[in-house]
2 protein chains.
Amino acid sequence: MSVAPKYDVFQAIADPTRRKLLQILSKKEMPIAEISKYFPMSRTAISKHLFILSEAHLVKAEKKGREKRFTLHVEPLMELTDWLSYFDQFWDNKLDKLKYLVEKKED
Amino acid sequence: MSVAPKYDVFQAIADPTRRKLLQILSKKEMPIAEISKYFPMSRTAISKHLFILSEAHLVKAEKKGREKRFTLHVEPLMELTDWLSYFDQFWDNKLDKLKYLVEKKED
DNA sequence: ATTATATACAACCATTTGGTTTACAGTCAA
DNA sequence: TTGACTGTAAACCAAATGGTTGTATATAAT
């Protein structure tokens, strides 16, 4: 029986360090030591954040020699997309959201 | 000078009670006492959650007599949409996400 | 064989979070 | 005017969160 994961996607992305981790892993897969160089905290702290991200299935780890390489997995973000889509109907002017997005793209 | 709000959107939606609050307020505006009926906790607790949501600008309050009516404001959710859109490029098969969404719609 | 590197694990800590209860102040209704 | 109702504020609490340091183990390099 699979244990209900302690951390869901909403919690996982609530922390700015973890969001930065996802950004960094989106560039390439990396072991913890390399990842840690991007952060002003210990490898242990990073390791814990990666654990939380893997509980939410946003990253997967693979042991390679003494390293443990982490890769990004975006699929669970779909839950967020779903959740957000419900609120599309509540934009005052239905075109507002689209306009906003188009303006962003032009930057 | 505007003080940086303590709670951002990511934190605000991390809590399931607060997500439910947004859902409920999407149906109609409501005062705290009425909102509280939907939750197994005190008005005080709900009041605190609503404070956090208003810090993140996801709800706005208006005093009406002795009541304080809360309304949903979806605009800050755009930050989430933005953040999510960055990860669109990391679906293994670019069509996977679209397929997933279409299947959802058919339910 | 020795040393350095990569990670894991445990213990610990301060702060934040999510809730409670109690008391209070404003507003409405009888 | 008395009483009920609405919301806020303060004090308190247990548990979770985000970090630390120290130690241990496995792997790699010299």
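The following exercises, each with a worked solution, concern a predicted model of protein chains and DNA.

Residues are numbered from 1 along each chain as its sequence is written, and chains are lettered from A and ligands numbered from 1 in the order in which they are written. In this predicted model local features need pLDDT of at least 70, side-chain atom pairs count only at pLDDT 80 or more, and totals for chains, interfaces and linings use all residues, while side-chain values use heavy atoms, with hydrogens and water left out.

**Exercise 1. Determine what relation links chain A to chain B.**

Step 1. Superpose the copies by least squares on the C-alpha atoms of residues with pLDDT of at least 70 in both. A turn of 180 degrees with a shift of 0.0 Å along the axis lays chain A on chain B at an RMSD of 0.0 Å.

Step 2. This is therefore the relation of a two-fold axis. The C-alpha of chain A nearest that axis belongs to Ala14(A), at 3.0 Å.

Step 3. Compare the interfaces, where contact means heavy atoms within 4.5 Å. Of the interface residues of chain A, 100% are also interface residues in chain B, so the copies meet through the same surface.

**Exercise 2. Describe the residues that surround DNA strand D.**

Step 1. A residue is near the strand if one of its heavy atoms lies within 4 Å of it. There are 22 residues around DNA strand D, and the closest are Ser42(A), Lys48(A), His49(A), Ala33(B) and Lys68(B).

Step 2. Sort these residues by type: Ala, Val, Leu, Ile, Met, Phe, Trp, Tyr, Cys and Pro count as nonpolar, Asp, Glu, Lys and Arg as charged, and the others, Gly among them, as polar. The surface near DNA strand D then has six nonpolar, seven polar and nine charged residues.

Step 3. Turn to the DNA side. Sugar or phosphate accounts for 62% of the atoms of DNA strand D within 4 Å of the protein, and bases for the rest.

Step 4. Examine individual pairs of polar atoms. In the side chain of His49(A), an N or O atom is 2.2 Å from a phosphate oxygen of DNA strand D. Bases are approached too: a polar side-chain atom of Arg66(A) lies 3.4 Å from a base oxygen, and an N or O atom in the side chain of Thr44(B) is 3.5 Å from a base nitrogen.

**Exercise 3. Locate the salt bridges between Asp8 and Arg19 and state whether their residues are buried or exposed.**

Step 1. Apply the criterion, a side-chain nitrogen of Lys or Arg within 4 Å of a carboxyl oxygen of Asp or Glu. The whole structure holds eight salt bridges over all chains.

Step 2. One of them joins Asp8(A) to Arg19(B) at 3.8 Å, N to O. This pair crosses between chains, from the segment before helix 1 (9-12) of chain A to helix 2 (residues 16-27) of chain B; helices are DSSP runs of H or I with at least four residues, and strands are E runs of at least two.

Step 3. Asp8(B) and Arg19(A) likewise form a salt bridge at 3.8 Å, N to O.

Step 4. Assign accessibility: buried means under 20% relative accessible area, exposed over 50%, partly exposed in between (1.4 Å probe, protein chains only). Asp8(A), at 27%, is partly exposed, whereas Arg19(B), at 12%, is buried. Asp8(B) is partly exposed at 26%, and Arg19(A) is buried at 12%.

Terms used
Polar contact = N/O pair within 3.5 Å; in protein donor to acceptor, adjacent residues only side chain to side chain.
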